[in-house]
Amino acid sequence: MTRSVSIGLALALIAILIAVPWIGIPLPPLFGEPLRSPGSLSLLAVCFVFGALAVSYDLLFGYTGLLSFGHALYFAMGVYATAIALERWHWSLIPTLLFVVALCVVVPAIVGAICLRTHDVAFAMVTLAFAQAGSIVVLQNPFGLTGGEEGLPLSTQSLPAIFAGVANSRNLYWLALLLLIFTYAVARMLVGSRAGRVWQAIRENERRVATVGLNTYLFKLGAFVCSSVLASLAGIVYVFIEGGATSEITTANFTLALLVMVVLGGVGTLWGAVLGGMLYEYLDFRLVVLSSASGLQSLPPILRVPLSEPLFVLGVLFILLVLFVPGGLAGAFRRLSSLSTRTTTLTGGQ
Amino acid sequence: MSTIVLLVVTGLGLGALYFLVASGLSLIWGLMRVLNFAHGALFTVAAYAGWSIANTIPATDAARAWSIGLLGAVLGGAIAAFLLETVLIRPLYARPVGQVLVTVGAALAAVALVEAMYGDDPKQLVLPAWMSANTVIAGASIPNTRLLLIVVALAVLGLLLILLRKTRYGLIVRAGVENRAMVEALGINVHRAFTIVFTIGGAAAGLGGYLAGTYFGYIDPQRGTSMLIFAFIVVVVGRLGSMTGCAIAAAVVALVQQFLNFYAAAGVGDFSVVLLLALALLIRPRGAQTL
């Protein structure tokens, strides 16, 4: 595929996605309601947010080779900081956004500076511990800010008018789409930049990069902060879509879910990460609906009980992918397409 | 005074639980360089296995039900760990990150399966009468389960130390922690040692899972995951691969947590433990790198 063709395809895809709120086609097996209904639109919007989140994590894990188990912390920080500023402090939108972005640059810089003193598995453990600390803070509900286990729902007057209410779900859909396109574009730019090339070199062989005379610690910190900021941007959009913050996004399971998303799609490919994040959220949501569907009810309990738990299905799918399809969906696709090109060249040569 | 004694003993009881989970993690990491994310799931699965077995025995004979449940949990943990190692981890020895990922998937799937089968609600564990009673030590009335946990953890520590220092397999494991390539070069089957270490770690986690049920009075699907995170902290603070370091770190972490949760505010203790970890890494980052 040449460059201009792929750009054309991408633009066409974006145009279709922008037009979705006007499309009334029912897709019964995929979505319970027509595509333009508020339910389907908000499901798609959440899928876009998770696609963007997976891209931000792919920068860290896929491109720099840093296996962080604490990436959910920065997403949750974006979510909670926005919700607290809007709901508890009654700030207007612009100061809130400035505050959240500033916070989400400073905190990852400090946490990253500490965590990056360790390597490999110790790094994974330490980032997980920091994420757990964040989870503890949220659950303890300090000064009545986070709402503890109940979460922090936004009241209608705290939400910007264009995002409030079911009638505006198409605005939220476009916001999420914008977020996804923005995140993807920034990530693509970063990966192609000189810093991005150093990140990939660090992933391949950190010692060699250091030998060349580059300070790998600072480059890794840069990757850590960039991916964290992108994750918190996804968090800001998530607050508007969900209309508040829930404590679930701070748990260790959520941070592991991020890993599942990226590996599902294909580590080290941005579009794979988008696909993985969207597919994860979609399955997580739809499997619950499908498991109560009539077809599944007739299955014997030994099959029906595990299948009704989306995390079980996703966990098993994940294990199978790791064992048998190391490149994830993107890897499988690449292998298939290279297989088909090889066949065409073979038949063309005959 | 009596409050302090109570806090110390309760803290050590919690530390005993941390040790039971962390010792296996530490051994597995030390020998195999596998970060077993499914260790918390082993804890949970074994606890539920023990609970199910204990439930088949009439509640009138609580002591018998409890001990058979304990045995079931230990066996359940060992079998689950054995299967995990042989089926999922062994094919991936050439891909360390793949190993971590596979244990993550196993952890998610196993906990979800337990939730699907037993539900989210906590399950009450039947305890013999003497465990629900208290013993008075230095004016503090201490629940017997705390004392039981400390005794069991010390016994496990003793057994592990004997196993590591006095037996042939212990020798292989210690040599493998030191230099795996050299042990392999000498023609010793390290893979069998891997399976054994993994199974022992699973048995210890299973013991921990059932005893956590005894300590808290009930079992629930999410306990294993939160235990795992504190066990990670214990393992890093106590230097990976060292058994006594692991035991000391478990006690320190649990005591810090108990005292601060009591004297400062609930949650402060849990939070400070994470800060303790950051501190440990800042003081000796080199130590953490040799993990």
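Helix α10 of chain A gives way to A:G266, a residue with a positive phi, near 125°. (Helices here are DSSP runs of H or I with at least four residues, strands are E runs of at least two, and both are numbered from the N terminus.) The model is predicted, so to speak of local features a pLDDT of at least 70 is needed, and side-chain atom pairs count only at pLDDT 80 or more, while totals for chains, interfaces and linings use all residues. Residues are numbered from 1 along each chain as its sequence is written, with chains lettered from A and ligands numbered from 1 in the order in which they are written.

Back to α10(A): its 14 residues reach 21 Å from first C-alpha to last, close to the 20 Å expected at 1.5 Å a residue (the expected span being 1.5 Å times one less than the number of residues). This helix is mostly covered, with twelve of the 14 residues buried, that is, with 20 or more other C-beta atoms within 10 Å of their own, where 12 or fewer would make a residue exposed, anything in between counts as partly exposed, and C-beta atoms are placed from the backbone. Among the buried ones are A:T255, A:M261 and A:G265.

α10(A) also turns up at the interface. There, 36 residues of chain A are in contact with 36 of chain B, contact being C-beta atoms, placed from the backbone, within 7 Å. On the chain A side, α5 (120–140), α10 (252–265), α13 (301–307) and α14 (310–324) each supply at least two residues, and α5(A) gives the largest share, 13 residues. By class, this side has 27 nonpolar, seven polar and two charged residues; Ala, Val, Leu, Ile, Met, Phe, Trp, Tyr, Cys and Pro count as nonpolar, Asp, Glu, Lys and Arg as charged, and the others, Gly among them, as polar. α14(A) has 15 residues and reaches 21 Å from its first C-alpha to its last, close to the 21 Å expected. Its buried residues include A:F312, A:G315 and A:F318.

Elsewhere in chain A, the axes of α6 (residues 169–192) and α9 (residues 216–242) come within 10 Å and cross at roughly 175°. Axes are lines fitted to C-alpha atoms, for helices over the stretch in contact, with angles from 0 to 180 degrees between N-to-C directions. α6(A) and α9(A) are therefore roughly antiparallel, a label for angles over 145 degrees (under 35 is roughly parallel, 65 to 115 roughly perpendicular, the rest oblique). Their contact has 13 nonpolar, one polar and no charged residues.

How values were computed. Two residues are in contact if their C-beta atoms, placed from the backbone, lie within 7 Å.
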